[in-house]
Structure formats: structure tokens, C-alpha cells
Amino acid sequence: MVFWIGAIVVGLVIVLLTWLSEWTTHTYLSFSLHYPWFHFIIPPFGMGLTAWITFRFFPGSERSGIPQIKAALEISNTLADRAKLVSLRISFGKILLTMMGLLCGASVGLGGPAIHVGASIMLSLGRVTQFPSHYMEKGLILAGSAAGFAAMFSTPLAGIIFAIEEMGRNMEERLSSLVLTAIIFSGVTAYALINRYIYFGDESMLNMPWGRSWLAVPLCGVVGGFLGGLFSKIIILGIRFFNQFHISIILLAVICGGLIAVVNYLSGDVTAGTGYQQIKLILKGIQPMEPSYPFLKMIATCATFFSGIPSGIFVPSLATGAGIGVNLANWFPIAPLSAMILLTMTAYFSGMLQSPLTSFVIVMEMTNSHEILIPLMAAAFLANGTSKLINPVPLYLALFNASKYQLNKQVKINES
């Protein structure tokens, strides 16, 4: 019962995170609309302040949080070591600072923070209730991260696949009842409050007749996979560069904030925020999209990530993929617009993450696009193969290795 309550708490907190994100994004857009100077003053100085608070008061909460969770799963020492990466303090900072990033107009995703928060809540629950060490070591972290993912996107099946493909390390961890139970309870809680199972609208009327339209599968798969892999390559190389030259994180955040200010101004602020509203508008065809949107969104997401503030990249990347899909559909109208958008969303996400199963399942569940399941699967695996050609190491594995190196370096400094 204690564990079930914990899973429900994860769902409640993720709902709170969602509501707060919508309010903060609306607040930023309102101020930027009424005060033109807001574009250029708030992002650089606000992100500098957010980065300072992050590394001064909430170390371990920076960026997406998934590398921290991977590191916590590998730690075999004490709970005190894990608390530096996964804890209620970090969870609180993650929520607070993610909202600050959105108030600064950053391209902030909620997927990574939701996963980090879910793992933190579950592990803290285990410490309070003194669960057996078998659960304490890995099970609760894995279950909490999957529960956070499922509650954030209203995708229980994708939560399971994410735990298997991205977070799990062996079959016992991957398919444990802890993961399934946490996903069910957190997902039901989020659905009951938000009443949203189909995240981006119902695309169940999709139709891709066999023939010429199926040429969109390799087109979207290769292009989306290439650009997703390129995004990951930029992130990995950028992190290595900044770690090597020891650039001040505060200065870096201010510079990144300035870049975001310019990008938001050029895009009319459509690159600010998570990208959730833009995906809905793109899928429904309500609002025309500039061809430059996906590339500006990619730049804004990279700048947000490099700034070090707590943020995720899942929804911003889905928005980028959707924008690329619109461009491909306009340039090569060989399949229905909505189908090409979903194919490219899947491909870009798969190329970025190199987790093809998670990619096509999350898009299928979020849009109810079961009719094009086979094309989505094919695009995801084509994108995965294309991405590996330019970026052999998956994004989060590379970031995990970098964070583990920094952690070991810090431990040696502390011991000396």
C-alpha cells in the first residue's frame, strides 16, 4: 500500500508540473507580447540566475536528469552517494528551476524532469519505509523513472518500453512488477485529473494506402534520423568542449540566454516553452508554420541544454520533428500531411535517443495512430540506423559516461 501511494504521489506531482508549465509559459508569452524589451533582458539574466541557483543550491538537478538516474543505478556504495543524484531536495529544485527556465523563455521539456522527479520520490519513499536493499538499490529508481515518464506523456506502454530500452540493465529489472505497478498507478492518477489520454489529439483516421505514399517512410526515416543524430552529436561534443575548457556555467548560461532571446525574437516566440502547443497546432493544421521553425527550435533546445538549467528535451524534440515533417510534406507531397508529420516525429526522436521502440510507441500512444503502426516502426528503425552512422554512442549513454567521469573526479578531489 505504501508503494501504491508513492506511485499515486508521482502522478500527482507530474500533474502539478504540467499545470505549472502551462501557467509559466503563458506568463512569459503575455509579458513578451506587451513589453518588447522582455525578449532581450529576461532570457540571458534570468537563465544566468537559474543556473547559479541550480549549481549553488541544487547540485545534481541540472539538465534532463536521466544521466543522473543512470549513474544512481550504477552506484553500489551507500544511499548517501545516491542522494547526491536522486533525492527530494533535487526533486524540489527540479520543479522550481524548470519553471524558472520556462519563465525565461527557454526551450524546456518536461520529460527528463518528470523522470528525475519520479525516481526521486520513489527512492525517498523507500528510505522512509526502510524497504529491503534489493528494492532500494535499483528497483525503486527504475520504477519511479518509468512512472514519471508514463504520467508525463499519458503513455503507460511507452513507460514500460522506456524502462526496458533506455533505463533497464537486465531482464529482472526491466520487467519487474514494481515498474508495471508504478506506471499503472501514476498513469491513472494523471489521467483522472487531466482527463487526457490522447496527448496531441486523435489521429485515428490516418490513411497510408500501399504504393507511392510509402516512399515517405524511408524519406522521413533517413532525414529525421540524420537530424536527430546531428542534434545528439552537437549536444555530446558541446558538453565535452565545455567540460574540457572549464567555462563558467553562469557565464555560459547568460550567453545561452542571449542566444535564446534572439531565436525567440526571430520566431515570434513560438520556440519558447515546451513545444506542446506548437505540436497540437501543427497536427491540426490550425496555424501555418515557418520553414525555419524546426531549426530555430533545435537551436533553442541546444542552448537551453548547454545552459545547465533543469530541463528536458523530449517534447521540444517532438516539436522539432513535427516541424521537419511539415517541411518534408511541403517539399515532397507523396503522403498525407499528418502521416508525414508523425513519421518524422518518430524518426527524429529515434535518431536523437537511439531508442526506436520507445520512439514509435510514444508517438503511437500520444496520437492514437495505430493505423500506421508498421510505417512508424519502419521509420524508427531506419532513423536509428542512420543516426548511428554519425553518432555511434547513444545520447544518454554518452552523457552518463561524461557525468560518471565528473563524479569520479569529484570523489577523488574530496578524498584528497
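Let's start with Val15, which you'll find in helix α1, running over residues 2-34. Keep in mind as you look around that this is a predicted model. Val15 has a relative accessible area of 1%, so it counts as buried. Now look for Leu193: along the sequence it is 178 residues away from Val15, yet in space the two C-alpha atoms are 7.4 Å apart.

That pair fits a wider pattern. Take the contacts in the protein between residues at least 6 apart in sequence, and 82% of them join residues at least 24 apart. The protein is built with 19 helices and zero strands. Of its 416 residues, 59% count as buried.

Next, the rings. Searching the whole structure turns up 20 aromatic pairs. One of them is Phe31 with Phe38: the ring centres are 5.4 Å apart and the planes meet at 20 degrees, so this pair counts as stacked. The two partners have their own surroundings: Phe31 is partly exposed because its relative accessibility is 38%, while Phe38, at 10%, counts as buried. Elsewhere, Phe149, Phe153, Phe162, Phe314, Phe349 and Tyr396 come together in one aromatic cluster. A ring can also have a charge for company: the charged end of Arg56 sits over the ring of Phe57, 5.0 Å from the ring's centre.

Now move to helix α2, residues 38-57, where Thr54 lies. Its relative accessibility is 0%, so Thr54 counts as buried. What does Thr54 touch, leaving out residues up to four places away in sequence? The list is Pro59, Ser61, Glu62, Leu97, Gly308, Ile309 and Pro310.

Helix α2 also has a helix partner, α12, which covers residues 249-267. The two pack at an angle of about 150 degrees, and their axes are 7 Å apart. If you check the handedness of this crossing, α2 and α12 cross in a right-handed way. From the α2 side, the residues that meet α12 include His39, Phe40, Pro43, Pro44, Met47 and Trp52. On the α12 side, Ile249, Ile250, Ala253, Val254, Gly257, Gly258 and Tyr265 are among the residues that take part.

Step back along the chain from α12 and you come to a loop, the one between α11 and α12, which holds His246. The helix before that loop, α11, takes in residues 216-245, 30 residues in total. From its first C-alpha to its last, α11 reaches 43 Å, close to the 44 Å expected at 1.5 Å a residue. Just after α11, His246 takes a positive phi of about 50 degrees.

Why point that out? Most residues other than glycine have a negative phi. His246 is not a glycine, but its phi is positive all the same. With a relative accessibility of 59%, His246 counts as exposed, since the cut-off for that is over 50%.

Asn368 makes a good companion to finish with. Asn368 isn't a glycine either, and its phi is positive too, at about 55 degrees. You'll find Asn368 in the loop between α17 (356-367) and α18 (373-390). Is Asn368 buried or exposed? Its relative accessible area is 18%, and buried means under 20%, so Asn368 is buried.

Technical notes:
Residues numbered from 1 in each chain as written. Predicted model: local features only at pLDDT ≥ 70, side-chain atom pairs only at ≥ 80, totals over all residues. Heavy atoms only, no water. Helix = DSSP H or I, 4+ residues; strand = E, 2+ residues; numbered from the N terminus. Expected span 1.5 Å × (residues − 1). Buried < 20%, exposed > 50% of the residue type's maximum accessible area, 1.4 Å probe, protein only. Contact = heavy atoms within 4.5 Å. Phe/Tyr/Trp six-rings, centres within 6.5 Å; stacked < 30°, edge-to-face > 60°. Lys NZ or Arg CZ within 6 Å of the ring centre and 35° of its normal. Axes fitted to C-alpha atoms, helices over the stretch in contact; angles between N-to-C directions. Left-handed = near helix turned anticlockwise from the far one by under 90°.
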